[in-house]
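Thank you all for coming this morning. I would like to walk you slowly through one protein model, and please stop me whenever a term is unfamiliar.

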Amino acid sequence: MFCSTCGTTITPGLSFCNRCGASLKERAETTPRTGAIVAFLIAITLIAIVGLGIMLGGALTLKKDAALGEDVVGIFMFFTFFIVCITEFFLVRQLSKLTSSTEPKRVSPPPATMQNELRPAQARGLPEAMPSVTENTTRTLEYSRNEPPR
């Protein structure tokens, strides 16, 4: 069994990871966020209906009242349709993230390269002891004490 946070091998039956301290108990809170899902579905529907209404109404207004050519009206319709499609794409993407985050995630074991990276630390030799700071200060003061007064 592996920790879902750091990937360390853990002993079954533990409540917390020994390495990172993450909780290993299954989360009981898997209730779907129905309010947010409904809000996204309503927003997707309204943007599609209103966007297409603006596209068709604007095209008729540009053709009739502004007396513009078919090429300008076509460009207006294309850009309006493009903006509506991009908005719908991002809303559907957010909705899919919201619905997929309510499902419990399965943790796969870490790859073999990661297991090799988690080797125990190697013992190192201690560096040579440095002389004490106070020892150097005391010697300096002795020199000044032994000098004749000026």
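I will begin with the chain as a whole, then turn to a patch on its surface, and end with two cysteines.

Please keep in mind throughout that this is a predicted model, and that every value I mention has been computed from it. The protein chain has four helices and zero strands, and if you read from the N terminus on, its elements run α-α-α-α. Of the 150 residues in the chain, 15% count as buried. The chain exposes about 12,800 Å², and carbon and sulfur atoms supply 62% of that area. If we take the contacts between residues at least 6 apart in sequence, 51% of them join residues that are at least 24 apart.

Now to the surface, where we can ask which residues make the nonpolar patch of about 840 Å². The patch is made by Ile75, Phe78, Phe79, Phe82, Ile83, Ile86, Phe89 and Phe90. One of these residues, phenylalanine 82, lies in helix H2, which covers residues 70–100. Phenylalanine 82 has a relative accessible area of 46%, and therefore counts as partly exposed, since that label covers values between 20% and 50%. Phenylalanine 79, at 47%, is likewise partly exposed, whereas phenylalanine 78, at 51% relative accessibility, counts as exposed because the cut-off is over 50%.

Several of these rings also sit in pairs, and the structure holds three aromatic pairs. In one of them, phenylalanine 78 and phenylalanine 79 have their ring centres 5.5 Å apart and their planes at 65 degrees, and because an angle over 60 degrees counts as edge-to-face, that is what we call this pair. Phenylalanine 89 and phenylalanine 90 form another edge-to-face pair, with 5.3 Å from centre to centre and 70 degrees between the planes. Phenylalanine 90 counts as partly exposed, at 43% relative accessibility. Ring pairs also link Phe78, Phe79 and Phe82 into a cluster.

Finally, the cysteines. A disulfide, as a reminder, is a covalent bond between the sulfur atoms of two cysteines. How many disulfides does a search of the whole structure find? The search finds zero. Are cysteine 17 and cysteine 20 buried or exposed? Cysteine 17 has a relative accessible area of 6%, so it is buried, the limit being under 20%, while cysteine 20, at 36%, counts as partly exposed.

Terms used. Residues are numbered from 1 along each chain as its sequence is written. This is a predicted model: local features need pLDDT of at least 70, side-chain atom pairs count only at pLDDT 80 or more; totals for chains, interfaces and linings use all residues. Side-chain values use heavy atoms; hydrogens and water are left out. Patches are made of residues with over 30% relative accessible area and no salt bridge: like charges are joined within 9 Å, nonpolar side chains (Val, Leu, Ile, Met, Phe, Trp, Tyr) within 5 Å. Accessible areas come from the Shrake-Rupley method with a 1.4 Å probe; for residues, only the protein chains shown count as cover. A salt bridge is a side-chain nitrogen of Lys or Arg within 4 Å of a carboxyl oxygen of Asp or Glu. Helices (H or I, at least four residues) and strands (E, at least two) are DSSP runs, numbered from the N terminus. Buried means under 20% relative accessible area, exposed over 50%, partly exposed in between (1.4 Å probe, protein chains only). Contact means heavy atoms within 4.5 Å. Rings of Phe, Tyr and Trp (its six-membered ring) pair if their centres lie within 6.5 Å; planes under 30 degrees apart count as stacked, over 60 as edge-to-face and the rest as tilted. A disulfide is a pair of cysteine sulfur atoms within 2.5 Å.
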